[in-house]
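The exercises below are meant to be worked through with the model open beside you. Each begins with a task and is followed by a solution in steps.

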Amino acid sequence: MAQADLFEMLRASGIDRDSIVSFDGNPTPRHIRYLDLISSTANGKAPGNFPDAVVETAGAPVIYIVRHDRLGDTTAEASGRLSELVRVLACRADARFLGVVRPGGITVYSISLLNDVPQPVIDANGEAARAKLRGLLSGAAVPSFTQSSKAAKRSNDASSQWLETLLFKLLSDAASEIKRYAPTLTVQQIIGLVGRALFFRFLVDRGIVDDRDAVAIAGKKLPLEEMFSAPTYLTNVCIWMDQTFNGDLLSLSAVEKDYGTFVQQIGSGVQEVCRHLSNIQHKAVAGQLPLNWGGIKFQHVPVGVLSQVYEEFAHNFLPDLAQTTSIHYTPRRIAEIVLDGAFSAVNSAKPHEAKVLDPSAGGGVFLVLALRRLVAERWKESGVRPTRAVIRKILNTQLTGFDINADALNIASLSLYLAALELDPRPSPLSELKFQKLIGVVLHPVGVADLAGSGAHAISSDDTADYELGSLSKVVLDRFASKFDIVVGNPPWTGFKGQASAALNKRLAQLISHDGQVTADIRARYGSPDVAFLLASKIWAKPSAAIGFALHGRLLFQPKSFELRRHIFKTLQITGIMNFASLRQDPRIWGSNDAPFLLMVARNDLVSPGDSFYFISPKREQNLNALGQFRIDPNAATPVSLQQVQDDPLAIKALYKGGALGLELMDRIRSARVAKVAEQISKWNLKFTSGYQSGKPEKRKEDSSALVGLPEVSIQTKFGLRLGDASEKFTLKTVQWRRNPQIYKGPLLLFRESPKLDRSVRGALYCEVDVVYKESFFGLTLPNDPGMRVLADLLYVVSYSDLMLYYQLLSSPKFGVERDSGLQSDLEEFPLINHTRLSDDEVVDIKEVAAKLRNHQHCWNDVDRLTAKLYDLSAWDVQLIQDTLAAELPFAACVTEADAPPTTTQIEEFARTFKDLLEPYSPTGLTACVLSNTPGANIEGWRFLRFVPDDQPATDAPLSKLETESLTDTADSYWASRLIVHLDGNQLVLGLLDQSRYWSPTQARLLALEGLQDGSLFV
């Protein structure tokens, strides 16, 4: 099969030629992440064991492609080469699929570290092959790995077979065993030993060291895998590493380079230590590819992966240190997104000349990726692949990292050495590979001792407190001011303690005041240093430089962060924010982090009127997320005015959950005849109170016997309790916190802390009698006052409405962000219709509906009708609320339903809504056709509509080959959630992902309004 035929088959499958990276020919800057595959092909090494090409989306590899005839002529030969190729690609830890293309068809295999020949996840011919491949690329039809083979069963949790998982386990096991046999070694020394063994294995597998170097290393002819097998060899190889590379290799001895003393320190377990270090060196034997060190092909493991895994390993092996310093790993994909955004935003220098800073470098993931990007940019600029001298110059003059932990910087130094060797076009001879030291030149320790110098001079307590800030200390800020074109990183998110906390608040205030007058109120409320790093980056960065950070999501959502957030949006030209709150607890996206986080890219320029940024929030998609991937949908990138987020504290949360239509509705709700609930009840000096907390038995010290025998409500109680209603009784004689007994006096309104999907257990409980309630309720005792009775009825009715849940979803800093529960402040801040401005007829309606609810009637239509009337909601508003709750609520059932395929009824309602909105603007009437969803037709994982003028014949036939190619030509990305193409005769074909979240009437309305506004729906 010729390569031209391969590309034609891919083109017929709807794959854009520009997204295909071919591995034939000489390498180009675009091959910077695939050099191991290019070099192997160019050198003629086993061509059948390497792919022909890779297909990328959003700059990331998705599927490797190989022609079937390159795998061999016989079944046995093809099977062996296929297994080997899958293992090679698994060691690259990027794309999750391999496609074997034959004339007219394709077989797709999942890429994992299994030893067996994998079972195909796709095996199709003709139109079906094209439909399945295009569906796979769009993330819409990702196989779920449910085959019946033993291998497939082992890969049901695909991440368990990924390289990152295996490497982390092997490193942790080796370190634990060394610790067991050498308890006198420090954790840092153990990490150093494992790191040196890993470095040597990298050199061997990359061919930088071979058998001819054995004598120079060990002093005798010795197999390379035995270089760590005895104490003498261990000593010799460490000395050889120091002499050969002359850099900052991981330190092992308290006495510099005294490896003899170090080996003696290990003690009687030294031989076992050597055995475990030797295990790291052993390769596969006789073609076996076990899930151990022998199964990993380090010549194909990207240094970015090694850096990430080694940093995560150190983070977990040093848990106490990790909590107090900046050892914290960042997934490579997350770091790549930040870095790519920063390089796109930089205006202070040409990309290839940019000087890059990571002020919280950790193990160096950002710096390793920055080195690779700078080499690619230099290559692109000059047209010539950079030599070793050029690469070393970039390393030594264009990269800078700070960290308070010297161990982290040692890891970063090792990672950068490996990266420089990986990028080196000719990494030989060994005598020419010496590195300049990076510590103190490129990588700067900024701990207290480092900033205070040798300790020969006295320092004041103020100096000590400032030095505890590390990168944020005045000496570092001053020394490196305006030095950098790009500042990137993932600064610490946990709050500082003790005097460091006070010093941080002081520094934060100084950083804020550096940009002008602000109120003192915001200076001490934000204890985590991540935002301080963001503000400090404006000092480190040159004017028009780019800034990119991973930050805790609380910056976007917490009310206490609003003034700080407003300051940032006033003084920094934000260009893009990617909000990952929906994926916060997915271990395959960021394994050690379950907090909401965001990625921010900005330019160090003043904000001008009219400036805006793009805001995007990846959604949870079960099959796609199972691969550790997420959709970056260009259609979902919303332009947001910087002024808007300065003015409205709820703007970002409303956009996240409700989109542009939701933010507009929130504005109208807040501008109606409303007042906050807290303001209205304050007229009676009332406030909400939490109920009792039982606590663990040993902590139950407060007497609660006076409450025993009273009715007790639970989260399953419906509507409330009337006199005579049966209920559970309170039985605890002691609790941890009883609260004031007066809060249990009826009549009461009780609001649940955790909202529910079922309305009957969502709204408030109206209790006519004294009742006991737990801390999971917010209680309000009702005085005997006519005005209060009207307000209580109003609150009671509205609590059962979709509107109140919708407002909480779009405004709460907790619900739908960090937890599935709400805050008391959500209730207090709700804009309730001012009960003093109700008409007599409205009061009557409210009383009637409240009475029905107290009588346990499911009168939801009455509740919705009344709420819509009170808040002047249109039919479109009501539809928007319903559709948003269905797609965006954090409850498991809603998340699953939003990701599930739409029903026929949903698709038909979408088509009808879309047609009705477009028809007035069409020269003739329109007919909407739901295209047949025949298996193998169209694009798998998508549904399509065809809109045809009434004067032309309508058909529901699947897409033709030409229509499929036309749809692909109009797509901004494989990750796009929609495809639109105009065909001859003013026909319009619309395709959407086969997920319910895209097929609501509100989405139809939004798509129609956008298309009519920008003219994209009519030629």
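**Exercise 1. Two prolines and two backbone angles**

Task: In which loop is P429 found, and what is the omega of the peptide bond that leads into P429 from S428?

Solution: P429 is found in the loop that runs between α17 (406-423) and β9, where helices (H or I, at least four residues) and strands (E, at least two) are DSSP runs numbered from the N terminus. The bond from S428 to P429 is cis, and its omega is near -5 degrees. The model is a predicted one, in which local features need pLDDT of at least 70, side-chain atom pairs count only at pLDDT 80 or more, and totals for chains, interfaces and linings use all residues. Residues are numbered from 1 along each chain as its sequence is written, and side-chain values use heavy atoms, with hydrogens and water left out.

The next step is to turn to P747, which is found in the loop between β20 (734-735) and β21 (748-752). G746 and P747 are joined by a cis peptide bond with omega of about 0 degrees.

The last step concerns phi. Most residues other than glycine have a negative phi, and most peptide bonds are trans. S482, in the loop between α20 (474-479) and β10 (484-489), has a positive phi near 55 degrees although S482 is not a glycine. D872, in the loop between α33 (860-870) and α34 (875-888), likewise has a positive phi, of about 55 degrees, without being a glycine. S482 is partly exposed at a relative accessible area of 43%, while D872 is exposed at 64% (buried means under 20%, exposed over 50%, and partly exposed in between, with a 1.4 Å probe and protein chains only).

**Exercise 2. The nine-stranded sheet**

Task: Give the strand order of the nine-stranded open sheet, and find which strands stand at its edges.

Solution: The order is β9-β8-β7-β10-β11-β13-β12-β14-β15, and the pairing is mixed (two strands pair if DSSP finds at least two bridges between them). At the edges are β9 (443-445) and β15 (638-641), each of which pairs on one side only. From one strand to the next, the twist averages 15 degrees.

To examine one edge in detail, follow β8 (residues 399-403), which runs parallel to β9 and is joined to β9 by three bridges; within this pair, D403 stands opposite P445 of β9. Helix α27 (residues 651-671) packs on the sheet and touches β12 (573-579), β14 (612-616) and β15, contact meaning heavy atoms within 4.5 Å. The direction of α27 makes about 45 degrees with that of β14, where axes are lines fitted to C-alpha atoms, for helices over the stretch in contact, and angles run from 0 to 180 degrees between N-to-C directions.

**Exercise 3. The five-stranded sheet**

Task: Which strands of the five-stranded open sheet are at the edges, and is β21 mostly covered or uncovered?

Solution: The strands follow the order β17-β23-β21-β22-β19, with mixed pairing. Because β17 (689-690) and β19 (720-721) each have a single partner strand, one side of each is left without a neighbour in the sheet. Two bridges join β17 to β23 (residues 777-781) in the antiparallel sense, and T689 stands opposite G779 of β23.

Next, consider β21, which is mostly covered, five of its five residues being buried. Both faces are covered, with L748, L750 and R752 on one side and L749 and F751 on the other. Three antiparallel bridges pair β21 with β22, where L750 stands opposite L765, and five bridges join β21 to β23, also antiparallel, with F778 as the bridge partner of F751. Finally, helix α29 (residues 786-798) lies across β21, β22 (765-767) and β23, at about 25 degrees to β21.

**Exercise 4. A helix pair**

Task: What are the angle and the axis distance for α22 and α24, and which residues make the contact?

Solution: Helix α22 (residues 530-540) packs with helix α24 (residues 562-571) at about 20 degrees, the axes being 12 Å apart. The angle therefore makes α22 roughly parallel to α24 (under 35 degrees is roughly parallel, over 145 roughly antiparallel, 65 to 115 roughly perpendicular, and the rest oblique). V531, L534, L535 and K538 of α22 make the contact with L564, H567, I568 and T571 of α24.
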